[in-house]
Amino acid sequence: NLAHLVHSEEALLATAFIFVVHFFNTHLRPNAFPLDDVIFTGGMSLERLKEERPAEFERLESSGQLEALVSEPLGAGRIALYRLGGLVFLLIGLTLLVLILYGIAGS
């Protein structure tokens with residue numbers, strides 16, 4: 001019983017740690033706050049690609065593949081829908097984190 005109790009507490013802490021690290025690296029970066037659209041749209045602007053991934057930008061530009069990957073931007077309504085869904089998922093994640101911490105504190 002003691003091993004089960006310790007292991008379940010450890011699993012909750014590991015889950016909370018993974019969520020917190022993901023949360024800060026994904027949502028609290030200045031250029032992605034409060035939500036990074038790339039996960040929903042599948043693309044990013046050329047300026048952002050140059051800034052965040054200069055080696056990949058240079059490779060694509062030198063090989064001539066960059067023009068083939070450029071696409072039309074999504075409409076404002078579609079982006080708003082993606083952001084709403086992302087914020088719902090973000091709130092679900094924060095709620096789960098609070099419940100995990102509540103469960104740990106209540107043990």
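The following exchange examines how several descriptions of this predicted model are justified.

User: What makes the chain an all-helix pattern, read along the sequence?

Analyst: The secondary structure comes to 6 helices and 0 strands. Read in order, the pattern is α-α-α-α-α-α.

User: How do you know that the span of α6 agrees with its 31 residues?

Analyst: The expected span is 1.5 Å times one less than the number of residues. For the 31 residues of α6 this should give 45 Å, and the end C-alpha atoms are 44 Å apart, so the two agree.

User: Why are Gly-86, Leu-90, Gly-93, Leu-97 and Ile-100 of α6 called buried, and what covers the buried residues of α6?

Analyst: Buried means under 20% relative accessible area. These five residues of α6 are buried, therefore each falls under that cut-off. Their cover includes α1 (2-27) and α2 (38-41). Across the chain, 17% of the 107 residues count as buried.

User: What makes the nonpolar surface patch that includes Leu-99?

Analyst: Leu-99 lies in α6 (residues 76-106). The patch is made by Leu-81, Leu-84, Val-88, Phe-89, Ile-92, Leu-96 and Leu-99, and has an area of about 720 Å². Patch residues need over 30% relative accessible area, so these residues pass that cut-off.

User: How do you know whether the radius of gyration of the chain fits a compact globule or departs from one?

Analyst: A compact globule of 107 residues would have a radius near 13 Å, but the chain has 19 Å. The chain therefore departs from the globule rule. Along the principal axes, its C-alpha atoms fill a box of roughly 60 × 30 × 20 Å.

Definitions and conventions. Residues are numbered from 1 along each chain as its sequence is written. This is a predicted model: local features need pLDDT of at least 70, side-chain atom pairs count only at pLDDT 80 or more; totals for chains, interfaces and linings use all residues. Side-chain values use heavy atoms; hydrogens and water are left out. Patches are made of residues with over 30% relative accessible area and no salt bridge: like charges are joined within 9 Å, nonpolar side chains (Val, Leu, Ile, Met, Phe, Trp, Tyr) within 5 Å. Accessible areas come from the Shrake-Rupley method with a 1.4 Å probe; for residues, only the protein chains shown count as cover. A salt bridge is a side-chain nitrogen of Lys or Arg within 4 Å of a carboxyl oxygen of Asp or Glu. Helices (H or I, at least four residues) and strands (E, at least two) are DSSP runs, numbered from the N terminus. Buried means under 20% relative accessible area, exposed over 50%, partly exposed in between (1.4 Å probe, protein chains only). Contact means heavy atoms within 4.5 Å. The radius of gyration is taken over C-alpha atoms; the globule rule is 2.2 Å times the number of residues to the power 0.38.
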